[in-house]
Amino acid sequence: MTQANRGVQGAVENLIEISYMQRESIDKLGEKVDRMSDRMEQGFDRLTEAQTKLTTSVDKLTERIDNLARLTDSNQIIVNNLIALAASQQETVNRLLTKAS
């Protein structure tokens, strides 16, 4: 083998070795990207779960607020009816007192 052929052969072997090293680097990078992607997916899953829980909590709170508003309205109606009943009874007492005098 001539000096030129050995030089070319050495260069080819170096290029092949560099190619293998690049392939290994690319494989390692791909593995890192896969792990990062998995972590991101898990993070998104946890975020989605937390968002679902928050939405459920907000829905329950909204329902409780609505129930409280209905209860407050009902209580106000009862109070108004009691006031009207008290006024009616007062009128009845006043009439009875007027008749008795």
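Q: What makes the contact of Glu49 with Lys53 a salt bridge?
A: In this predicted model, the closest N and O atoms of Glu49 and Lys53 are 3.4 Å apart. A salt bridge requires a side-chain nitrogen of Lys or Arg within 4 Å of a carboxyl oxygen of Asp or Glu. The pair therefore counts as a salt bridge. By this rule, the count comes to one.

Q: Where do Glu49 and Lys53 lie with respect to the helix?
A: Both residues belong to helix 1, and they are four residues apart, about one turn of the helix.

Q: Why is Lys53 called exposed?
A: The relative accessibility of Lys53 is 53%, and exposed means over 50%; Lys53 therefore counts as exposed.

Q: Why is Glu49 called partly exposed?
A: Glu49 has a relative accessible area of 45%. Buried means under 20% and exposed over 50%, with partly exposed in between, so Glu49 is partly exposed.

Q: Which residues gather in a patch of negative charge on the surface?
A: The patch consists of Glu24, Asp27, Glu31, Asp34, Asp38, Glu41 and Asp45. Among them, Asp34 has its place in helix 1, which covers residues 3-100.

Q: What makes Asp34 accessible enough for a patch, given its relative accessible area?
A: Patch residues need over 30% relative accessible area. Asp34 has 49% and therefore passes this cut-off.

Q: How do you know that the chain is not a compact globule?
A: A compact globule of 101 residues would have a radius of gyration near 13 Å, but the chain has 43 Å. The C-alpha trace spans about 145 × 15 × 10 Å along its principal axes. The chain has one helix and zero strands, and 0% of its 101 residues count as buried.

Definitions and conventions: Residues are numbered from 1 along each chain as its sequence is written. This is a predicted model: local features need pLDDT of at least 70, side-chain atom pairs count only at pLDDT 80 or more; totals for chains, interfaces and linings use all residues. Side-chain values use heavy atoms; hydrogens and water are left out. Patches are made of residues with over 30% relative accessible area and no salt bridge: like charges are joined within 9 Å, nonpolar side chains (Val, Leu, Ile, Met, Phe, Trp, Tyr) within 5 Å. Accessible areas come from the Shrake-Rupley method with a 1.4 Å probe; for residues, only the protein chains shown count as cover. Lys and Arg count as positive and Asp and Glu as negative; His and the chain ends are not counted. The place of a charge is taken as NZ of Lys, CZ of Arg, CG of Asp or CD of Glu. Helices (H or I, at least four residues) and strands (E, at least two) are DSSP runs, numbered from the N terminus. Buried means under 20% relative accessible area, exposed over 50%, partly exposed in between (1.4 Å probe, protein chains only). The radius of gyration is taken over C-alpha atoms; the globule rule is 2.2 Å times the number of residues to the power 0.38.
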